[in-house]
Amino acid sequence: MSFRLVLNPITCVAHGMCAELFPERITLDDWGYPIIDNKPIPASLEDHARRAVAVCPTLALMLQPGQESRKGP
Amino acid sequence: MATDTWAARADAPPAASAPHFSRLLPTAAKRSFADHLDWYGDLPATSSALIGEIERSGLRGKGGARFPTATKLAAVAARKRAIVVANGTEGEPASTKDVVLMSQAPHLVLDGAVVAAEMVGATEVILCLKRGSVVRPLFERALAERRAFGYDSVPIRVVGAPDRYVSGEETAIVNWLNGGDAKPTFVPPRPFERGVAGRPTLVQNVETLGDIALIGRFGSDWYRSAGTPEDPGTTLVSLSGAVDKPGVCEMPFGVRIGDLLRVAGADCADLSGVLVGGYFGAWLPAAAAADVRLGVDDLKRTGGGLGAGVVVAMPKRGVCALAEIARATRWLADQNAGQCGPCVNGLDAVAGVMAELVAGDRSKQAEIRIGRWLGMVEGRGACKHPDGVARFVSSSLRVFSDEVARHRAHGPCAEGRVRILPTPKTGGWR
């Protein structure tokens with residue numbers, strides 16, 4: 001099963017630690033907020049992703065199974 | 001009045017001299033229950049088959065997202081103990097169609113809310129209006145009449161919600177009804193999964209409910225007899241800006257925007273641009289807009305959207321379009337919910353650069369920065385507010401690029417300060 005990163009932009013307050021730990025998929029914008037590439041994460045990068053998620057002080061960053069984009073009624 | 005007569009008139013193809021349709025909007029207000037029943041006929045009992053009929057009608061939500069209504073109904077119907085929220089908050093400043101519909105046909109909206117409740121098995125309807133709305137007394141009276149007849153199978157209550165721009169977004173309404181701020185929340189869960197009081201919640205715009213009440217009476221074939229195969233039926237349009245007769249009209253989908261503007265007494269030749277969809281829609285060059293058809297996909301192809309059916313005409317002379325757009329951009333930036341960093345910071349930055357463009361951006365630095373920041377806010381909020389503002393601003397920079405160049409060369413222009421774009425004062429989040 002593949003995973004992708006999901007960010008709750010309401011709880012994110014731009015600590016920026018995720019970008020330090022997972023630069024392959026996370027960069028920071030001009031105000032320090034993470035820009036997330038939510039393509040499925042290959043197994044080789046999963047450890048990096050998990051570390052980035054674990055270090056988020058506000059629990060804004062999540063790892064979710066599946067690769068469909070967020071959509072619904 | 002016999003339903004046949006009414007349906008026959010509604011089905012007549014729109015003539016050039018009488019382009020208005022009269023389905024949702026009666027020719028004269030039907031505020032009393034007796035007048036309402038006389039005009040639209042009695043409401044047949046709702047069976048679960050009606051969701052299929054709604055699906056065949058091709059009805060899409062009129063609040064702005066134009067999401068297929070049947071899909072939303074089915075998602076809520078599949079769950080238990082639902083609640084229906086009739087959304088009449090109409091936060092889009094240039095939109096007046098909901099308040100016009102509610103004042104002309106309050107019972108039609110209530111019919112639709114009750115039918116929707118029956119379709120999804122809901123036990124309650126909550127009608128959300130803007131706090132202090134002029135239509136509230138009409139609804140209090142309408143509900144008293146219906147109660148006297150014992151007409152409705154579910155209780156309906158009316159509430160006055162905050163009037164902030166993003167407060168009408170469905171998760172924001174749900175959060176407010178649950179005692180929080182009227183601010184969008186992170187999804188999932190979406191309201192159909194967990195909404196008011198944690199229950200599955202159907203949030204539908206009041207115009208959509210009016211359509212449901214009509215389809216419940218006359219069926220999907222009748223509904224599809226107006227409009228186009230891709231966009232069946234009619235839609236309400238709020239026309240404003242540089243037009244002789246601003247207001248709301250009901251139009252079949254597929255009508256050309258040039259013809260629409262002519263109804264309001266405006267000629268595209270006198271206009272520089274047309275804003276279609278509202279502040280989360282897009283600007284079109286007036287010349288090109290004239291031939292664009294009013295349709296969900298037609299407008300998507302132009303890089304915009306039909307949104308809540310807003311059309312605003314920007315005149316060629318007498319108004320500095322760039323100053324107007326910069327003023328609206330500042331208002332939109334200030335309407336952010338203060339929740340998501342990219343929206344709070346990004347929209348403020350974009351509004352600041354728009355003001356620089358009005359002052360005259362000699363170094364061209366502002367244009368470079370605005371491009372970078374517009375790209376940076378898109379898709380980064382919990383709701384679509386930043387995306388909408390980005391579309392509004394980037395389309396304006398395309399359509400009014402000559403204006404930007406003129407301001408760069410000559411500084412702020414001497415054109416008048418007539419207000420084309422409404423930027424109303426708003427209250428708090430509770």
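Student: Which residue takes a positive phi just after α8(B)?

Tutor: That's B:Gly179, with a positive phi of about 100°. Keep in mind that we're looking at a predicted model here.

Student: What makes helix α8 of chain B count as largely enclosed?

Tutor: A residue is called buried if 20 or more other C-beta atoms lie within 10 Å of its own. Eight of the eight residues of α8 (170-177) in chain B pass that test, so the helix is largely enclosed by the rest of the structure. Among them are B:Glu170, B:Asn175 and B:Trp176.

Student: And which strands do the buried residues of α8(B) pack against?

Tutor: They pack against β1 (82-88), β2 (122-130), β3 (156-161) and β4 (201-205) of chain B.

Student: Why are the buried residues of α4(B) said to line one face of the helix?

Tutor: Start with who they are: B:Thr69, B:Ala70, B:Lys72, B:Leu73, B:Val76 and B:Ala77 are the buried residues of α4 (69-77) in chain B. Look down the axis of α4(B) and they fall within an arc of 160°, so they line one face. It helps to know that an α-helix has 3.6 residues a turn, so residues three or four places apart point the same way.

Student: What covers those buried residues of α4(B)?

Tutor: The cover includes α3 (50-57), β1, α6 (106-120), β4 and α9 (206-224) of chain B.

Student: Let's move to the sheet. What is the order of the five strands in the open sheet of chain B?

Tutor: The order is β6-β5-β9-β7-β8, and the pairing is mixed.

Student: Why do β6 and β8 of chain B count as edge strands?

Tutor: Each has a single partner strand, so one side of β6 (247-252) and one side of β8 (282-285) are left without a neighbour in the sheet. On average, neighbouring strands in this sheet are turned by 30° against each other, ignoring direction.

Student: How do you know that β5 and β9 of chain B are paired?

Tutor: Two strands pair if there are at least two bridges between them. Strands β5 (residues 234-241) and β9 (residues 310-315) of chain B have four bridges, in the parallel sense, so they qualify. Across that pairing, B:Leu239 stands opposite B:Val311.

Student: Which helix lies across β5 and β6 of chain B?

Tutor: Helix α5 (residues 97-104) of chain B does, running at about 120° to β5(B).

Student: How do you know that the overall size of chain B agrees with a compact globule?

Tutor: With 430 residues, a compact globule would have a radius of gyration near 22 Å, and chain B has 22 Å, so the two agree. Its C-alpha trace spans about 70 × 50 × 35 Å along the principal axes. In this chain, 56% of the residues count as buried, and the secondary structure comes to 17 helices and nine strands.

Student: Why is chain A called as compact as a globular protein of that length?

Tutor: The globule rule gives 11 Å for 73 residues, and chain A has a radius of gyration of 12 Å, which is close, so the description fits. Along the sequence, chain A reads β-α-β-β-α-β. Buried residues make up 32% of this chain.

Student: How many residues does each chain bring to the contact?

Tutor: Chain A brings 11 residues and chain B brings 16 residues. On the side of chain A that touches chain B, seven are nonpolar, two polar and two charged.

Definitions and conventions. Residues are numbered from 1 along each chain as its sequence is written. Chains are lettered from A and ligands numbered from 1 in the order in which they are written. This is a predicted model: local features need pLDDT of at least 70, side-chain atom pairs count only at pLDDT 80 or more; totals for chains, interfaces and linings use all residues. Two residues are in contact if their C-beta atoms, placed from the backbone, lie within 7 Å. Ala, Val, Leu, Ile, Met, Phe, Trp, Tyr, Cys and Pro count as nonpolar, Asp, Glu, Lys and Arg as charged, and the others, Gly among them, as polar. Helices (H or I, at least four residues) and strands (E, at least two) are DSSP runs, numbered from the N terminus. Axes are lines fitted to C-alpha atoms, for helices over the stretch in contact, and angles run from 0 to 180 degrees between N-to-C directions. A residue is buried if 20 or more other C-beta atoms lie within 10 Å of its own, exposed if 12 or fewer, and partly exposed in between; C-beta atoms are placed from the backbone. The radius of gyration is taken over C-alpha atoms; the globule rule is 2.2 Å times the number of residues to the power 0.38. The arc is that of the directions from the helix axis to the C-beta atoms.
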